[in-house]
Structure formats: C-alpha cells, structure tokens
Amino acid sequence: MAGCLDSFQLPRCDCIDYSEKRNTISSIIGGGLFAIGWWIIIDVAACYPSMSDFHQAYHVCGIIGTISVFMINAVSNGQIRGESYTNGCLGQRGARIWLFIGFLLGFASLITACWIL
C-alpha cells in the first residue's frame, strides 16, 4: 500500500522553475502560518479576557512551539554533519543535542495542544 502513488505525477509547468526557490517559498508559507496562528491566539485572548472562558495557560503550547522553531532553525546542516568551519563550544555532538531538544519541545507542544483540544 505504501507504493501505490509512486508512479503518480502531476503535470509540470515548464514556464516556471520552482526548484531553486523551493526553500524561499516554503519559508514564506511557514512564516505566514506562524504569524496567523499567533494572531488567532492573541485575538482569542483579547476577546475572552476572563479565566473561565479562555485559560491563559493555553499560551504555553504556543510559546514552547515558538522556542522549538527557533532552536531547530538555529542549527545548520553543516553543524549536524560536522562540516562547519568552527566547532563551537560542544561541536557536532552539542549541535545534535540542541536539535534533539528542539524536536522534543516541538513534539511536546504538539501533544499538549492536542490534549487541550
């Protein structure tokens, strides 16, 4: 069942080449979704200021998710592979630990958001 869509391909438009701008486009879309998410949570907190309607502890999921996004994006692929110019204070092992903690925080915020839902 895993390979049922392997031979399926969408028709390609030859007039536009997205291969070199893929990272830019995905960064813009991700930043837009990030901003919309924070906008919604701030709007809900402004519309329901009492603790009985919207508990203020619900912001913790977004804050932990934001910290994890910054932690994950702070590490480059070269630091993970050990190809960077400088080793830093902990080198490749420290970069991998930092990335792992970032992923742990991201998944923890996702799990807590699902639990709150």
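Author: Before we start, a word on touching: contact means heavy atoms within 4.5 Å. Keep in mind too that this is a predicted model.

Reader: Thanks! How many helices and strands does the protein chain have?

Author: Let's walk along the chain from the N terminus: its elements run α-α-α-α. That pattern goes with a count of 4 helices and 0 strands.

Reader: Which residues does Ser109 touch, leaving out those up to four places away in sequence?

Author: Start with where Ser109 sits, which is helix H4, residues 91–116. Its sequence neighbours up to four places away are set aside, and the residues that Ser109 then touches are Cys61, Ile64 and Gly65.

Reader: Is Ser109 buried or exposed?

Author: Here a cut-off helps: buried means under 20% relative accessible area. Ser109 has a relative accessible area of 9%, so Ser109 is buried.

Reader: And what about Ile64, is it buried, partly exposed or exposed?

Author: Ile64 belongs to helix H2. Buried would need a value under 20% and exposed one over 50%. The relative accessibility of Ile64 is 28%, so Ile64 is partly exposed.

Reader: How far apart in space are Ile64 and Leu105, C-alpha to C-alpha?

Author: Apart from neighbours within four places in sequence, Ile64 is in contact with Leu105 and Ser109. Along the sequence, Ile64 and Leu105 are 41 residues apart. In space, their C-alpha to C-alpha distance is 6.3 Å.

Reader: Which helices do the buried residues of H2 pack against?

Author: First, let's name the buried residues of H2: His59, Cys61, Gly65, Thr66, Ser68 and Met71. The helices that these buried residues pack against are H1 and H4.

Reader: Why are H1 and H2 described as roughly antiparallel?

Author: Two packed helices are described by the angle between their axes and the distance between the axes. For H1 (residues 22–47) and H2 (residues 59–73), the axes are 11 Å apart and the angle is about 155 degrees. Angles over 145 degrees count as roughly antiparallel. Therefore H1 and H2 are roughly antiparallel to each other.

Reader: How many nonpolar, polar and charged residues are in the contact of H1 with H2?

Author: On the H1 side, the contact is made by Phe34, Trp38, Ile41 and Ala45. On the H2 side are His59, Gly62, Ile63 and Thr66. Sorted by class, the contact has 5 nonpolar, 3 polar and no charged residues.

Reader: What distance does H2 reach from its first C-alpha to its last?

Author: H2 has 15 residues, and at 1.5 Å a residue the expected distance is 21 Å. The model comes close to that, as H2 reaches 21 Å.

How values were computed: Residues are numbered from 1 along each chain as its sequence is written. This is a predicted model: local features need pLDDT of at least 70, side-chain atom pairs count only at pLDDT 80 or more; totals for chains, interfaces and linings use all residues. Side-chain values use heavy atoms; hydrogens and water are left out. Helices (H or I, at least four residues) and strands (E, at least two) are DSSP runs, numbered from the N terminus. Buried means under 20% relative accessible area, exposed over 50%, partly exposed in between (1.4 Å probe, protein chains only). Axes are lines fitted to C-alpha atoms, for helices over the stretch in contact, and angles run from 0 to 180 degrees between N-to-C directions. Angles under 35 degrees count as roughly parallel, over 145 as roughly antiparallel, 65 to 115 as roughly perpendicular and the rest as oblique. Ala, Val, Leu, Ile, Met, Phe, Trp, Tyr, Cys and Pro count as nonpolar, Asp, Glu, Lys and Arg as charged, and the others, Gly among them, as polar. The expected span of a helix is 1.5 Å times one less than its number of residues.
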